[in-house]
Amino acid sequence: MHTGAENRPIVALRRPLLKWTFVAEYGTLAAFVTMCLVLSAIAPGFLTFDNILTILRQISVLGIISLGMTLVMASGGIDLSIGEALDAGALVSISLIAAGFGAVPSILGGLAGGLVIGAINGLLVAGFGVMPFLATLGVHSMVMSLEMVYTRGGLPIYPYGGVPASFNFLGRGFIGPVPFPVVALAACLLLFYLMLHRLTLGRYVYAVGENPEASRLSGVNVRLVTFGSYVIASVIAAFAGIILASRVSSGQPLAGEPYLLDSIAAVFMGRTVSREGKASILGSLVGAAFLGTVMNGMTLLNVVFYMQTFIKGALLLGVLALASYARTRRT
Amino acid sequence: MAALLEMKGIRKEFPGVVALDGVDFSVVPGEIHALLGENGAGKSTLIKILAGLYTPDRGTVVFRGEQLNGLSPQQVQARGIAFIHQERAYIPYFTVGQTLFLGREPSRGAGLIDWPRLYRKASEELVRILGLEIDPHAPMESLTVSEKQLVDITKALITNPSLIVFDEPTGPLSEGEIERLFAVIKRLKSQGVTVVYISHRLDEVFQICDRATVLKDGKNVTTLEVKDATPDGIVRLMVGKELKEKFPKVVASIGDPILEVSNLCRGHVVRNVSFKLRRGEILGIYGLVGAGRTEMVRLVFGADKKDAGSIMVEGVPVIINSPREAIDQGIALVPEDRRGQGVIVEMSVRDNVTLPSLKGFSRAGFVASRRERAAVQNFVKQLNIKTPGIDHFVKYLSGGNQQKVVLSKWLCGSAKVVIFDQPTIGIDVGAKTEIYRLMGKLVSDGAGVILVSSEIPEVLGLSDRILVMYRGRITAELSREEATPDRLLFYAMGGGVADVQ
Ligand SMILES: Nc1ncnc2c1ncn2[C@@H]1O[C@H](COP(=O)(O)OP(=O)(O)OP(=O)(O)O)[C@@H](O)[C@H]1O
Ligand SMILES: [Mg+2]
């Protein structure tokens, strides 16, 4: 005990330390929970089993993409072409279906499309040392342009010969009451969680992201880790694209665009969940869930469509501002 | 005499650690006051509170009768206090001139910087203050660790402060540079400037300090007059017990060559270096800063590209083009630049310690956490690393404890050749002895150790054989019996070069 007279403080400064530490560590989660509570109180039908499944299905594509973004950002980079990797998955797979191929070769083809984009990113960043922002920005604009050429100015691709049932299942199937995209999200989550937080690879990814030189001197193959991160991120984005294509039974060019900023937002929001401010799988899931829930709630509340992104942006900034401020006040 | 600086009842708590617990620190005008204590005793924290970088939980800071609590770092500096912090931050691509005048650039008015004047003043100040011949146009990242340090000191002194705080300034400096710094400190003292001096090198304290305050575990131990104290006495106060041997030399049986390096070359920095290291041997490498020792060992470790040269491990020629290949051959390097290359500050103690040997702690790619944790715990205990837990981030550890994390990293694997580049910089006396013991253990287990050091007593006390480098070449090889401080210095300064070539 330090209350004895001999230890009487000369000036007792206020100690807001605990409070801010709490906000810094749990603020985002608390905001998320609060939002859910408010929505269950005011939005009819928010807290029902069906609606929760709907939210999960709505965030499945964003969730999966955010996992890839988490990986790249943990390794110290960023992937601005992640939306185009999604498009590659969707357009290649649906084109193969339209050309009469079966589900399996079409899916593999879609994934290969993502792989090519990831490999180009990885080569530029890890091989040539181009800054990640610029490298992926360049790939982003090139692939976008190719998409427009390929779809003759943005015409969606419809498989007129019909879609095999097994391909259909990816976007529209159910396992019990659970939509398949939600199952896919859960599986990817597990996979990425293990990869980033349990495998040696994850350790290397964070090490490279924080200090490439110290990592290199510790024997980490920095280039391989960097290259691998981009490839994995693009492949998983292509997978999300295949699910999306199956959902809408068509290939929509530039469908991936909106996911870019949302996935970055999800990762940043997720960083405020982790104690030391690092990108993490569970954090990004919270981020994606936050964004998905906001959108769902506004639909239920019949918020004017054009106000929706405004409110989403405002909430996002609010949470980030609070969490960041709490962090500066911590020490 | 009225105190110039009076810190009273300072308490500072970090999550999981009480760094300072009611510390008093009082400095009188014109003195050189040493602040001593083991790694993690709270010295840097006390200084950062003075600097306005941390807010104390309790306690007051009074400077010249004015209370400083709550002032910003800029406001504190404006009161005439300058700091050379232990962990230096600089902008890599800024030039020396820009760094020196950052935030107080000479102006032409209208916000325009007067660049010619800035660079002219920069060269003048570099020469005036420390007699440095550094090009003010050179980017910071091109300087050696010691040059950066000297620039940092110059930067602090430019403002003509009345109190200067040095937090371990001599770590990266060579003997000559230390001499020069001390001359400057003495000159400042004669001009009435007051100095607070933190160092783990007690000889320095006895050379320049008037009084010393000893901290232990965040509490005052005592404040004493240096002239009434003895080094052993101070060590006892710091450590809390008697230290028996300073350099516990283990004489291991020396066996076959374990590492043979021939004709290693890289540009002008490493020229035609050849040597052998035997099993059970500690090979000291001495030289002045800039002699090419760090560059040479980096070549052996594959950290830089060599122009020529070959390496044999246990008599077998090996190809080493990357650190990974060196590690796979059983070679480890404890680098000189701790924060840049040694540790990853934004990761935990555990992550850092096992990074090079993570494969050994994994099964099918999965990290075997229990085994990993046990190994790391073991090092934390063995090296007495002060941390609330192994999941604590390294950035929260004190400087010396970070260095111990770097050492653990390389002791954790199963290296046959361990290269230590200035391993004891910033390490307290107790931990130093512990590190020397570990080196002894390495060699008695049959490994070979290369010890690069600028500290003559350390090199002499531990090495079985000593190589001296001068301008990228090995200029002398001395056995333990032949080596004396004078001889080391003679060869390190280029003496006898003619008869080697
Ligand atoms: N920002 C921080 N967050 C958490 N803990 C900290 C922080 N800074 C210092 N500490 C802890 O406070 C204690 C005192 O650290 P400090 O850096 O003051 O030691 P020091 O006496 O300067 O040691 P060294 O000789 O190794 O530099 C240590 O246990 C350290 O881990
Ligand atoms: Mg310190």
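In helix α10 (residues 323-328) of chain B, B:D328 and B:R324 sit 4 residues apart, which means that about one helical turn separates them. The two side chains form a salt bridge, with the closest N and O atoms 3.1 Å apart. B:D328 is exposed, at 54% relative accessibility. B:R324 is partly exposed, at 22%. These values, like those that follow, come from a predicted model.

The α10 pair belongs to a wider set of charged contacts. Over all chains, the count comes to 33 salt bridges. One of them joins B:E38 to B:K216, with the closest N and O atoms 3.0 Å apart. B:E38 lies in the loop between β3 (32-36) and α1 (43-50) of chain B, while B:K216 lies in strand β11 (residues 211-216) of that chain, so the bridge ties together parts that are 178 residues apart in sequence. The acidic partner, B:E38, is buried, with a relative accessible area of 14%. Its partner B:K216 is partly exposed, at 24%.

A further salt bridge links the side chains of B:D217 and B:K386, at 2.6 Å from N to O. B:D217 is in the loop between β11 and β12 (219-225) of chain B, and B:K386 is in the loop between α13 (369-382) and α14 (399-412) of chain B; the pair therefore ties together parts that are 169 residues apart in sequence. Both residues fall in the intermediate accessibility class. B:D217 is partly exposed, with a relative accessible area of 42%. B:K386 is partly exposed as well, at 32%.

B:D217 also stands out in its backbone. Its phi is near 50 degrees, a positive value in a residue other than glycine. A second case is B:R471, with phi near 45 degrees, again positive and again not a glycine. B:R471 is placed in the loop between β23 (465-470) and β24 (473-479) of chain B. There B:R471 is exposed, with a relative accessible area of 54%.

Charged contacts also involve chain A. A network of salt bridges links A:R203 with B:R350, B:D351, B:E372, B:R373 and B:D391. Elsewhere in chain A, A:G176 is found in the loop between β1 (174-175) and β2 (178-179). A:G176 is exposed, with a relative accessible area of 63%. From A:G176 to A:T226 the C-alpha to C-alpha distance is 39 Å, and the two residues are 50 apart in sequence.

Chain B also provides metal donors. The magnesium ion (ligand 2) is coordinated by OG of B:S44 and OE1 of B:Q86, at 2.0 to 2.1 Å. B:S44 belongs to helix α1 of chain B and B:Q86 to the loop between β6 (81-84) and α3 (96-100) of chain B, so this pair ties together parts that are 42 residues apart in sequence. Both B:S44 and B:Q86 are buried.

B:S44 appears again around ligand 1. That ligand is surrounded by 20 residues, and the closest are B:S44, B:T45, B:H200, B:S398 and B:G400. Three polar contacts define part of the surroundings. A polar backbone atom of B:G40 is 2.8 Å from an oxygen atom of ligand 1. A polar side-chain atom of B:H200 lies 2.7 Å from an oxygen atom of the ligand. A backbone N or O atom of B:G400 also lies 2.7 Å from a ligand oxygen. On its own, ligand 1 has 640 Å² of accessible area, of which the protein covers 94%.

The elements that give two or more residues to this shell are β2 (17-27), α1 and α14 of chain B. The largest share, 3 residues, comes from α1(B). By class, the shell holds 7 nonpolar, 10 polar and 3 charged residues. Helix α1 of chain B thus recurs in two settings: its residue B:S44 is one of the two residues named as magnesium donors, and the helix gives the largest share of the shell around ligand 1.

Terms used
Residues numbered from 1 in each chain as written. Chains lettered and ligands numbered in written order. Predicted model: local features only at pLDDT ≥ 70, side-chain atom pairs only at ≥ 80, totals over all residues. Heavy atoms only, no water. Salt bridge = Lys/Arg side-chain N within 4 Å of Asp/Glu carboxyl O. Buried < 20%, exposed > 50% of the residue type's maximum accessible area, 1.4 Å probe, protein only. Donors = N, O, S within 2.8 Å, 3.2 Å for Na, K, Ca; no water. Near = heavy atom within 4 Å. Polar contact = N/O pair within 3.5 Å; in protein donor to acceptor, adjacent residues only side chain to side chain. Areas by Shrake-Rupley, 256 points an atom, 1.4 Å probe, with all protein chains shown as cover. Nonpolar A, V, L, I, M, F, W, Y, C, P; charged D, E, K, R; others polar.
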